[in-house]
Amino acid sequence: MTAATTEGGRVALITGASAGIGEALAIRLARDGWQVVVSARREAALRAIGEAHPDIAGRLHPYPLDVTDPAACEQVFDAVEAEVGEIDTLILNAGDYDPMPLDDFDPAVFRRLAEVNYLGTVNGVGAALARMRPRGRGQILVTASLSAYRGLPQAAPYGASKAAVLNMAESLRPALEGTGVTLRVINAGFVKTRLTEKNRFHMPQLISAERAAEYIHDEIDDAGFEIVFPKRFGYTLKLLRLLPYKLYFALTRRMVQS
């Protein structure tokens with residue numbers, strides 16, 4: 001990937017940056033000298049990041065954005081490129097989550113999570129491609145999940161939305177070859193955030209948002225399609241994808257009954 005050339009150095013735009021992985025990654029990149037556009041719906045939370053880190057505040061640029069609004073995505077991308085610089089790396093990290101036991105089945109939760117996790121990502125990809133493709137450079141990272149590999153108990157709305165993100169990325173990746181624009185996917189396991197605090201079950205290999213940000217940071221310029229972490233948990237779930245349904249459902253049935 002060829003990095004964009006801007007007066008202030010490399011420019012990253014991170015959605016869902018008001019907390020969790022997005023905030024931690026924004027801080028990490030800003031400490032590396034990147035100009036980082038932090039974006040989320042809560043403007044006060046975005047400004048609080050710079051206030052809490054005055055040494056890098058000049059490299060953190062808050063731009064409020066609701067990713068479910070495609071017109072707002074276009075407007076924010078235009079404003080960022082006019083005021084901060086050409087977006088070199090876009091990290092679409094905005095997400096929502098609610099666990100759903102069978103007794104709480106609610107189509108409204110499916111719609112809400114799909115709007116943010118999947119269609120919000122689609123809106124960001126569309127706005128980025130419209131700008132990156134004509135100039136022949138740029139990188140887009142979309143956040144899916146290890147839960148996108150196979151359906152997991154109590155995760156139907158979330159897993160389905162993330163599976164859609166992964167499927168979209170797999171479809172677009174080969175189409176973008178030769179354009180100078182790279183599309184990659186981040187598949188994370190359990191990360192300690194305000195969203196995963198909703199879980200009432202044991203989360204294997206739970207890691208901090210800061211550790212998750214380090215995984216992404218370490219591979220941000222690699223050529224591979226997928227950034228997976230934690231590694232051991234990721235490899236375990238990759239193996240589960242290979243199981244026939246009879247064996248897979250025998251395993252997940254135990255999760256439902258526990």
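# Rings, charges and bridges: worked exercises

R150 lies over the face of Y248, 4.0 Å from the ring centre. That contact comes from a predicted model, and the exercises below work through this structure piece by piece.

## Exercise 1: Around Y248

Work out which ring pairs with Y248 and how the two planes are set.

**Solution.**
Step 1. Start with the aromatic pairs: a search of the whole structure turns up 7.
Step 2. Take one of them, F105 with F110: the ring centres are 5.2 Å apart and the planes meet at 40°, so this pair is tilted.
Step 3. Now go to Y248, whose ring pairs with F249; here the centres are 6.0 Å apart and the planes stand at 55°. Stacked needs planes under 30 degrees apart and edge-to-face needs over 60, so Y248 and F249 also count as tilted.
Step 4. Check the exposure of each partner. Y248 is buried, with a relative accessible area of 4%, while F249 is partly exposed at 42%.
Step 5. Put the charge back in: R150 sits over the face of the buried Y248.

## Exercise 2: Another charge over a ring, and a cluster

Find the ring that has the charged end of R211 over it, then name the residues that ring pairs link into a cluster.

**Solution.**
Step 1. The charged end of R211 sits over Y215, and the distance to the ring centre is 4.1 Å.
Step 2. For the cluster, look at F190, F201 and F233, which are linked by ring pairs.

## Exercise 3: The surroundings of M100

Is M100 buried or exposed, and which residues does it touch?

**Solution.**
Step 1. Place the residue: M100 is in the loop between strand 4 (89-92) and helix 4.
Step 2. Read its exposure. M100 has 7% relative accessibility and so counts as buried.
Step 3. List the contacts, leaving out residues up to four places away in sequence: M100 touches F105, D106, V109, F110, Q154 and P157.
Step 4. Pick out the two Phe residues that M100 touches, F105 and F110; they are the tilted pair from Exercise 1. F105 is exposed, with a relative accessible area of 52%, whereas F110 is partly exposed at 24%.
Step 5. Add a distance: from C-alpha to C-alpha, M100 and F110 are 9.7 Å apart in space, and they are 10 residues apart in sequence.

## Exercise 4: Salt bridges across the sequence

Trace what R28, D55 and E81 each pair with, and where the partners lie.

**Solution.**
Step 1. Get the total: the structure holds 16 salt bridges.
Step 2. R28 pairs with E214, and their closest N and O atoms are 2.6 Å apart. R28 is in helix 1 (residues 20-31) and E214 in helix 6 (residues 209-218), so this bridge ties together parts that are 186 residues apart in sequence. Both ends count as partly exposed: R28 has 25% relative accessibility and E214 has 26%.
Step 3. D55 meets R31 in a salt bridge at 2.4 Å, N to O. This one links distant parts of the chain, 24 residues apart, with D55 in the loop between helix 2 (43-52) and strand 3 (60-62) and R31 in helix 1. D55 is exposed at 52% relative accessible area; R31 counts as partly exposed at 42%.
Step 4. E81 bridges to R135, the closest N and O atoms being 2.6 Å apart. Since E81 lies in helix 3 (residues 70-83) and R135 in helix 4 (residues 107-135), the pair ties together parts that are 54 residues apart in sequence. E81 is partly exposed at 23%, and R135 counts as partly exposed at 22%.
Step 5. Follow the shared partners: salt bridges join E81, E86, R135 and R137 into one network.

## Exercise 5: Step back to the whole fold

How many helices and strands does the protein have, and how compact is it?

**Solution.**
Step 1. Count the elements: 8 helices and 9 strands.
Step 2. Compare sizes. The radius of gyration is 18 Å, close to the 18 Å that the globule rule gives for 258 residues, so the protein is as compact as a globular protein of that length. Its C-alpha trace spans about 55 × 40 × 35 Å along the principal axes.
Step 3. Look inside and outside. Buried residues make up 50% of the 258, and the protein exposes about 12300 Å², with carbon and sulfur atoms supplying 54% of that area.
Step 4. Finish with the contacts: among those between residues at least 6 apart in sequence, 67% join residues at least 24 apart.

Conventions
Residues numbered from 1 in each chain as written. Predicted model: local features only at pLDDT ≥ 70, side-chain atom pairs only at ≥ 80, totals over all residues. Heavy atoms only, no water. Phe/Tyr/Trp six-rings, centres within 6.5 Å; stacked < 30°, edge-to-face > 60°. Buried < 20%, exposed > 50% of the residue type's maximum accessible area, 1.4 Å probe, protein only. Lys NZ or Arg CZ within 6 Å of the ring centre and 35° of its normal. Salt bridge = Lys/Arg side-chain N within 4 Å of Asp/Glu carboxyl O. Helix = DSSP H or I, 4+ residues; strand = E, 2+ residues; numbered from the N terminus. Rg over C-alpha atoms; globule rule 2.2 N^0.38 Å. Contact = heavy atoms within 4.5 Å. Areas by Shrake-Rupley, 256 points an atom, 1.4 Å probe, with all protein chains shown as cover.
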